[in-house]
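Please work through the following exercises on strand pairing with the sequence and the model at hand.

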Amino acid sequence: LYGWQEYRGLPSGDVIARSREHNILCYIASDDNNFISSIYLYYYDANTGEEVKLNKFVKPSGEEVSFTIGSEERKHIYKTSDNSGLVFCGETDWGSEYALLYFDFETRTTQVIDRGVDVSFTRDRFRVEHHNGTVQWYDKNGQKSQPRSSFYDMGAAFGDFFNMF
């Protein structure tokens, strides 16, 4: 895994996750073979020696759906706390649909957690706004959760303040 990082010329800031257990390295890199260089999320499978671009998932119907990860979304790609995969969001239909996604290290597959007209990251949570206007929140592990309030943030700040004494 470290040899691939050096071979590919990846700075440590572009590495998202490394799992010796699953023999996989996930990172953000440019696709310099294109006329216009694009930045993608990749994984290197040390079992096969293959570099794979994470830019699609397969629906239960068998249809492949491509997605892109914008510059703001690239800041919010998280390794799950159990080191089983990544949780992130991507744009699937030119600004009219977004998906919260999970990439599984073991199976090397990408699955949809939820989708809607918008997916954003706020106060340590993903917020998915559905097509019907409802909203669902998810934590960095891709599990349903409640939103964090600004009062929670203020309480944490006050706790830090009082712990100084």
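Two exercises with worked solutions follow.

The model is predicted: local features need pLDDT of at least 70, side-chain atom pairs count only at pLDDT 80 or more, and totals for chains, interfaces and linings use all residues. Residues are numbered from 1 along each chain as its sequence is written, and side-chain values use heavy atoms, with hydrogens and water left out.

**Exercise 1.** Determine the strand order of the sheet that contains β1, and state which strands stand at its edges.

Solution. Strands are DSSP runs (E, at least two residues), numbered from the N terminus, and two strands pair if DSSP finds at least two bridges between them. Begin with β1 and β2 (residues 24-31): 4 bridges join these antiparallel strands. Within this pair, Val 15 has Tyr 27 of β2 as its bridge partner. The complete open sheet has 4 strands in the order β1-β2-β3-β4, with antiparallel pairing. β1 (15-19) and β4 (50-53) each have a single partner strand and therefore stand at the edges, with one side of each left without a neighbour in the sheet.

**Exercise 2.** Trace the open sheet that runs from β11 to β14, connection by connection.

Solution. The order is β11-β12-β13-β14, and the pairing is antiparallel.

1. β11 and β12 (residues 125-129) are joined by 5 bridges, with Phe 121 opposite Phe 126. Their hairpin has 2 residues between the strands, and Arg 123 takes a positive phi near 50°.
2. β12 and β13 are joined by 4 bridges; Val 128 has Gln 136 as its bridge partner. In this hairpin, with 5 residues between the strands, Gly 133 takes a positive phi near 95°.
3. β13 (residues 135-138) and β14 are joined by 2 bridges, and Trp 137 is partnered by Ser 145.
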